[in-house]
Amino acid sequence: MTFLESVPFLLACTVFLSVISLHSPVLLFCLLIGSLIVISIQQIGQLVNLPNRWRIALQILAPIVILSLFWLDYLAAPAQAQFFGKAERFFKTNLTQGANTNTAGTETAVSLIFNVLRGIYLLYIAVSLIGVINAVRKDEDWQSIARTPLLVVLAVTIADVMTGFVIGN
């Protein structure tokens, strides 16, 4: 009776894995490796008389680590694609629209402007991080020092998301 109740769930898992394997064979490979590691932990844990609590903790930790590494690999992209990348493409296409000459110069100028903005942003974060680390070392109130850079990072992230909403795909 319990098996019959779980048939819809097993069918859903089968469909999910088949769709994933069509779109991302790497994820399917990660899931298979995770399954093998969990089975190996079970067998080795029984051989060395590992307590059940530790065995289960290791079996949970192994797939989490593997899937985390997969998602880090899957979501990794160059910096320009993550920080105002849509805005840069928007300006490149709209500023060169209808122009027959010097489109390469316009695209270069737009790229230069956005790269300078990215560089200033990264330098600000680095300098702020150094200030926060120094405040922690001196036992000062590091939270008030970290508040402004955190607000700037939050504001820039929200601006990037809102730019994506305004510009679209």
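**Notebook: helix H2, a salt-bridge network, and the H5–H7 crossing**

I began with helix H2, where I found Leu-27, Cys-30, Gly-34, Ile-41 and Gly-45 to be buried. I note at the outset that I am reading a predicted model, and that every value below is computed from it.

Next I checked the length of H2, which runs over residues 25-47. Its 23 residues should span 33 Å at 1.5 Å a residue, and I find the end C-alpha atoms 33 Å apart, so the expected and computed spans agree. Looking just after H2, I noted that Asn-49 takes a positive phi of about 55°.

I then turned to the charged side chains. How many salt bridges does the structure hold? I count two, and I see that they link Glu-88, Lys-92 and Arg-118 in a network. As a general reminder to myself, side chains of opposite charge can pair when their charged atoms come close.

For the pair formed by Lys-92 and Glu-88, I recorded 3.5 Å between the closest N and O atoms, which falls within the 4 Å cut-off for a salt bridge. Both residues belong to helix H5 (residues 85-95), and because they are four residues apart there, about one helical turn separates them. I looked up the exposure of each partner: Lys-92 is partly exposed, with a relative accessible area of 23%, whereas Glu-88 is buried, its relative accessible area being 8%. The limit for buried is under 20%, and this is why the 23% of Lys-92 counts as partly exposed.

For the other salt bridge, I found the side chains of Glu-88 and Arg-118 meeting at 2.7 Å, N to O. Glu-88 lies in H5 and Arg-118 in helix H6 (residues 103-137), so this pair ties together parts that are 30 residues apart in sequence. Is Arg-118 buried or exposed? I find that Arg-118 is buried, as is Glu-88.

Last, I followed H5 to its crossing with helix H7 (residues 142-167), where the two axes come within 8 Å and cross at roughly 40°. I therefore entered H5 and H7 as oblique to each other, since angles under 35 degrees would count as roughly parallel. Which residues make the contact? On the H5 side I listed Lys-86, Ala-87 and Phe-90, and on the H7 side Thr-163, Gly-164 and Ile-167. Sorting the contact of H5 with H7 by class, I obtained three nonpolar, two polar and one charged residues.

Conventions:
Residues are numbered from 1 along each chain as its sequence is written. This is a predicted model: local features need pLDDT of at least 70, side-chain atom pairs count only at pLDDT 80 or more; totals for chains, interfaces and linings use all residues. Side-chain values use heavy atoms; hydrogens and water are left out. Helices (H or I, at least four residues) and strands (E, at least two) are DSSP runs, numbered from the N terminus. Buried means under 20% relative accessible area, exposed over 50%, partly exposed in between (1.4 Å probe, protein chains only). The expected span of a helix is 1.5 Å times one less than its number of residues. Axes are lines fitted to C-alpha atoms, for helices over the stretch in contact, and angles run from 0 to 180 degrees between N-to-C directions. Angles under 35 degrees count as roughly parallel, over 145 as roughly antiparallel, 65 to 115 as roughly perpendicular and the rest as oblique. Contact means heavy atoms within 4.5 Å. Ala, Val, Leu, Ile, Met, Phe, Trp, Tyr, Cys and Pro count as nonpolar, Asp, Glu, Lys and Arg as charged, and the others, Gly among them, as polar.
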